[in-house]
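Here are a few exercises to work through with the model open. Try each task before you read its solution.

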Amino acid sequence: PYQGYLSENCTTIAEVMRGAGYHTLMTGKWHLGADRKECWPLQRGFDFYFGGISGAFNYFQPGGNRGITRGNEPVTTDSSFYSTDTFTDEACQYLSLIAQQDDRPFFLYLAYNAPHWPLNAKWEDYQKYRGRYKSGWDALMKQRLAKQVELGIFSSDVAPAPHTGRYWNDLSAEQQDDMDSIMAAYAGCIDSIDQNIGKLVAHLKSLERFDNTLIFFLSDNGACQEGGMLGKGNEAMVKDPPLGTTDGVRLGEAWAIACNTPLRKYKHFLHEGGARTPLIAHWPQGIADSLDGGFIDQHAYLPDFMATCLAVSGATYPENLPACEGQSLLPALAGSNEPVHSEPIYFEHEGNAAMMWQKWKLVREYQKPWELYKLENDPAELVNLAKDHAEQTSKMVKMWETWAKERQVAYPSRFNMYEHIAK
């Protein structure tokens with residue numbers, strides 16, 4: 001089983017950046033060991049912290065064991081609290097405070113809980129989108145894929161993963177209205193993130209810190225299918241005044257598939273719909289002019305942020321800990337065409353497994369057979385090449401299993417790769 005808290009045998013980006021003279025600031029969701037105070041932000045490298053130590057919480061009225069903490073102490077929120085807004089406001093206050101102290105650089109980790117369930121959208125944000133999704137998920141998938149092709153994210157001949165849920169026209173008018181409401185709440189939560197990123201950017205500009213601040217923006221996984229095929233209504237975390245949406249609503253599988261188009265699967269899984277998310281980088285003084293507003297089509301993963309921060313700051317990584325496994329993204333941002341990763345990179349999440357190496361991706365859903373894909377011409381993972389390239393599959397499975405054993409990854413020990421390849 002997973003340990004459930006931040007290991008002592010590792011370091012955080014905040015710890016190494018503070019060691020290099022940076023101010024270290026955080027607002028938002030922590031979720032790295034709520035019941036172990038030695039794992040909390042202030043104990044793991046941050047100078048300031050405001051947010052939720054636990055996992056998900058109500059955006060308006062966090063409470064119980066899912067409350068809000070400032071530093072190491074719980075705080076009571078008032079009626080003005082809305083997590084996306086408040087986390088940004090607190091971050092801006094920290095930035096103003098350190099600007100008054102000195103001109104040292106800063107590392108800010110702003111971790112919104114939106115759009116994690118419960119989908120507590122503000123009324124005005126929710127109303128912007130109410131009624132926009134009554135054409136259904138099939139229409140949304142076609143619209144979004146067309147936009148992605150127009151932007152150059154995917155080629156015009158990309159084959160999208162199909163929707164595997166219920167047909168929209170099989171739903172009653174009441175069900176369709178409920179589905180529109182759920183998606184409007186989801187969109188409203190994301191709209192609020194957009195507003196707050198704008199607020200943060202404006203504040204950095206007012207402090208004259210914007211042009212030489214490297215900003216990374218990303219999601220940690222694809223859209224979330226939790227809540228069943230058609231989502232879910234009331235949860236234990238409820239704000240009494242009606243907000244135009246069912247409090248505690250979850251997006252559900254049908255909308256999650258649509259949100260991830262043209263990719264396959266969703267959160268929890270390591271197929272592209274669950275693992276492939278966009279990364280937006282902004283740094284006027286550090287990104288090549290040729291990349292301004294453009295795309296870099298390379299794969300990277302979360303450990304690369306540690307390596308990138310080390311490269312940016314000149315910080316020293318502790319010698320007594322396992323080596324940093326990421327690669328710096330700075331060459332890619334400077335315009336290099338060399339891949340960020342020529343070496344294999346490995347993944348495991350709740351029994352799901354994957355590996356990316358050169359042109360190949362190996363992936364497994366729980367204890368189902370391993371699958372093999374060439375993502376360059378099959379980003380939706382529709383053509384499984386495991387049988388046609390059994391030798392390559394076997395080689396990569398052995399590599400993944402060696403990695404998993406060395407890293408003490410929790411994965412099914414009874415899994416027999418040869419049996420499944422043969423099938």
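**Exercise 1.** Work out whether Cys39 is buried or exposed.

*Solution.* Start with the cut-offs: buried means under 20% relative accessible area, exposed over 50%, and partly exposed in between (1.4 Å probe, protein chains only). Cys39 comes in at 3%, so it counts as buried. Do the same for Cys259: its relative accessible area is 17%, so this residue is buried too.

A word on the ground rules: this is a predicted model, where local features need pLDDT of at least 70, side-chain atom pairs count only at pLDDT 80 or more, and totals for chains, interfaces and linings use all residues. Numbering runs from 1 along each chain as its sequence is written, and side-chain values use heavy atoms, leaving out hydrogens and water.

**Exercise 2.** Find how many disulfides the whole structure has.

*Solution.* Look for pairs of cysteine sulfur atoms within 2.5 Å, which is what a disulfide is here. The search turns up zero. For Cys39, the nearest cysteine sulfur belongs to Cys10, 8.7 Å away. For Cys259, the nearest is that of Cys224, at 11 Å.

**Exercise 3.** Check the length of helix H5 against its expected span.

*Solution.* Helices are DSSP runs of H or I with at least four residues, strands are E runs of at least two, and both are numbered from the N terminus. The expected span is 1.5 Å times one less than the number of residues. H5 has 34 residues (173–206), so it should span 50 Å; the end C-alpha atoms are 49 Å apart, which agrees. After H5 comes Glu208, with a positive phi near 60°.
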